[in-house]
Amino acid sequence: MLRLVSLVLVCGVMSAGSGWAAVGGANQGPSRDAPPSAQEKPAEPPSQQAPDEASQEASEKLPINEEQVVVTASRTEQSLLNAPATVSVITSQTIEQSPALNYGDLFRTVPGLNVTQTSARDINLTSRAASGTLSASQLALVDGRSIYLDFFGFIMWDSLPVEPSDIKQIEVIRGPASAVWGANAMTGVVNVITKSPREMQGTRATIGVGTFGRSTDLVDQDAGSLFYVNGSHAQAVNDRWAYKISAGGYAQEAFARPTGLMPNETNTPYPSFPNSGTTQPKLDVRADYDFPDDERSLVFQGGVASSDGIIHTGIGPFDVVRGGTLGYGKVGFTRGGLKVSGFVNLLDGGATNLLSVGPDARPIEFDFKTETYDVEVGNVQTLAARHVLSYGGNFRRNQFQLSIAPGEDSRTEGGIYVQDEILLSRHFWWVVGARLDMFDVLDDPVFSPRTTFMYKPTPEQTVRVSYNRAYRAPSLINNFIDLTLLDQLPLGSLDPRLGGQVFNFPVTATGNTDLEEQSLDAYEVGYTGVLWDRATLSAAFYVNNVKNDIFFTQVDSYRASNPPPGWPLPPDVLELIVASGQFGPGNGLPAAFSYLNLGEVRYRGVELGIEGAVTRTWNGFLNYSYQDEPDPKDFDISELNLPPSHRMNVGVGYDGPRFLGNFTVSYTDDAFWRDVLDSRFDGPTDAFTLVNGAFGVKWGGRGEYITSVKVTNLLNNEIQQHVFGDIIKRQIVAELRTSF
């Protein structure tokens, strides 16, 4: 039982805009953060003409899209065109128009970003590599606060406390970013940036109710239902204080489970277990204080979220019990380029495995409680009008109480970084930087350099050549998991005369305290350009070399010399199982699993995209991603998940005075999965095309009421995004939004 290739690798890439970013607007003009010598000369005064004629001409020349400014690539504000990494932006307008009901559907059209949804609550994503049941190489932030869960090394997307109306934009770095963000920013970073209270003054509320299909080719089931509600209130009390409060909840019944035999050569039936839906309440508060000098500010934030339902892992699905919470508190101080912040993340919950049982034949129970404390300091300075120097560091402390990893209860880490953005001339930029991190679970410091050379033939075009090194630290589970499970072998698979008989045998799962960090060396050539002040064109080619990949893999087998307790057949049969290869090359009946560093893997890919506004009300996008099959250098490819080779997304959006809408078509190629239980449960998923749409009408004198219908999987295909995941069919939602 077991094989958790859950963190399948990596690889970044480029295409500076995503389809989602297109809906929000392209970049244009010279960088607003460029040193003065890089700026264009002021425009000549307009010639004398009639006011109406001048106004009309100015209107015709005004760019439809505003310049996009991002903060995640360098931890400081800069134009997207000048970012030293590949960044896509999902704007608040995109979120408002989109039919997406969760982060998975929202991210799906970002090129190079592979997304899997395996249950009503369980979503994983990875840049430029296959995602999996626990994708551990993608860092996620909310307003710069890490929400990466160090104990298992993954993101609980369903437990983010923010509501859609709170989000200003989401920045997605598709590629390594450890040089500024440190551990676990190996394949990429997602930063959810929320609106300040002054940016969202007023009261907003949203309510939605929907249904979705659950009948499959093999099973006829009643339709499922979903419901969500959220609201927020923000107010500027005076010229110093402002606050906002938001709260909401989401509830959905379970999707359909796959039935019949696994799509492989083992004839293994899909395990039957009670599937669960999800309930997700959340609350978030924020208060801002601006000092009288208008140069300093304080931000206080806090929130709590909860989520129950199925989460898939390498040892099978866990049902997270209701009542667990993920809370946080944060304080941030800003003065010019100086930022100081501290936060605490608190997780408390429990889960029951629905397939794996212990030696007592009872389901594996997983109780978890973690506390994360983090302090960060960063500063940005402009030197000699040609250098933008950023530097800083952080200290992080984790406290753990994990029932399946009792061997350790804490972890300490910290790091410092420095980066210089150098204006060599009007057309040439050079970014060079590095970060040094220390972990108490690693013997040596981890060094993460980056360098990007940028050529700007015009202010609206950038060609980038870059090198980055990034890494992922072993999680606490990687180092200290300690379990004994009972696996099952249907004896009829060995001899038809034994059909119906099942042999139970113990399997151990132990951590590895000698693990090294998993590292990535990334090489990329990219282009970003703004065309006619309306559209962003992007292209990228990347090569990513991953070393010391961390896999949960079989390390021991039962053989004739050490048969499992109570083995009912001749010992030589165990040698025949080894020769059959049904548990992978060189493996027999599993006896033990652990985490190992396995050699080197090369990933390569290409991304192309165009997005922008056709008019002030119409926008669209088209992008394509190609990922070559992973190339392991010194271990068998059977250890790896295989990502889709081809992905294509096309969409159009409309936001007018009375109506708004969105229509998107996404194609995802077939994939192969090897990260749940043992090799009997490996298998492919078919290619699928996902058609989504939304249509809304604005009511009231100011359009303060919006009624809309959102549909995902319009064609009602049976879509399975992971070989062990649920079957997702058409979802239809009616929504009402108000603002006043």
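A residue counts as buried when its relative accessible area is under 20%, and as exposed when that area is over 50%. With that in hand, welcome to this predicted model. By that yardstick, Asp655 and Lys698 are both buried, and their side chains meet in a salt bridge. Below, you will find this pair again, along with other charged residues, some backbone angles and a few separations between residues.

**Salt bridges**

- Side chains that carry opposite charges can pair when their charged atoms come close.
- How many salt bridges does the model have? The count comes to 27 salt bridges.
- In the bridge between Asp655 and Lys698, the N to O distance is 2.7 Å. The two partners come from distant parts of the chain, 43 residues apart: Asp655 is in strand β32 (residues 646–655), while Lys698 is in strand β36 (residues 688–699).
- Glu735 and Lys710 also join their side chains in a salt bridge, at 3.2 Å from N to O. Because Glu735 lies in strand β38 (residues 731–739) and Lys710 in strand β37 (residues 705–712), this pair ties together parts that are 25 residues apart in sequence. Glu735 and Lys710 are both buried.
- Which residues are linked with Glu735 and Lys710 in a network of salt bridges? They are Glu96 and Arg737.
- Another salt bridge joins Asp288 to Arg286, with their closest N and O atoms 2.8 Å apart. Both of these residues are buried too.

**A charged patch on the surface**

- Asp443, Asp444, Asp514 and Glu516 form a negative surface patch.
- Where along the chain is Asp443? Look in the loop between β22 (428–439) and β23 (446–455).
- Asp443 has a relative accessible area of 79%, so it counts as exposed.

**Two residues with a positive phi**

- Most residues other than glycine have a negative phi, which makes the next two worth a look.
- Arg128 is not a glycine, yet its phi is positive, at about 55°. You can find Arg128 in the loop between β5 (123–127) and β6 (138–142).
- Is Arg128 buried or exposed? Its relative accessible area is 1%, so Arg128 is buried.
- Asp294 is not a glycine either, and it has a positive phi of about 60°. Its place is the loop between β13 (278–290) and β14 (296–305).
- Asp294 has 64% relative accessibility and therefore counts as exposed.

**A closer look at Ala522**

- Ala522 belongs to strand β27 (residues 518–531).
- Why does Ala522 count as buried? Its relative accessibility is 5%, and the cut-off for buried is under 20%.
- Setting aside neighbours within four places in sequence, Ala522 touches Pro176, Ser466, Tyr467, Asn468, Val543 and Asn544.
- Leu476 is 46 residues from Ala522 along the chain, and their C-alpha atoms are separated by 26 Å.

**Val614 in a loop**

- Val614 sits in the loop between β29 (589–613) and β30 (618–627).
- With a relative accessible area of 57%, Val614 is exposed.
- How far apart in space are Val614 and Thr266? From C-alpha to C-alpha they are 52 Å apart, and in sequence they are 348 residues apart.

Terms used
Residues numbered from 1 in each chain as written. Predicted model: local features only at pLDDT ≥ 70, side-chain atom pairs only at ≥ 80, totals over all residues. Heavy atoms only, no water. Patch = residues over 30% accessible without salt bridge, like charges linked within 9 Å, V, L, I, M, F, W, Y side chains within 5 Å. Areas by Shrake-Rupley, 256 points an atom, 1.4 Å probe, with all protein chains shown as cover. Salt bridge = Lys/Arg side-chain N within 4 Å of Asp/Glu carboxyl O. Lys, Arg positive; Asp, Glu negative; His and termini not counted. Charge placed at Lys NZ, Arg CZ, Asp CG, Glu CD. Helix = DSSP H or I, 4+ residues; strand = E, 2+ residues; numbered from the N terminus. Buried < 20%, exposed > 50% of the residue type's maximum accessible area, 1.4 Å probe, protein only. Contact = heavy atoms within 4.5 Å.
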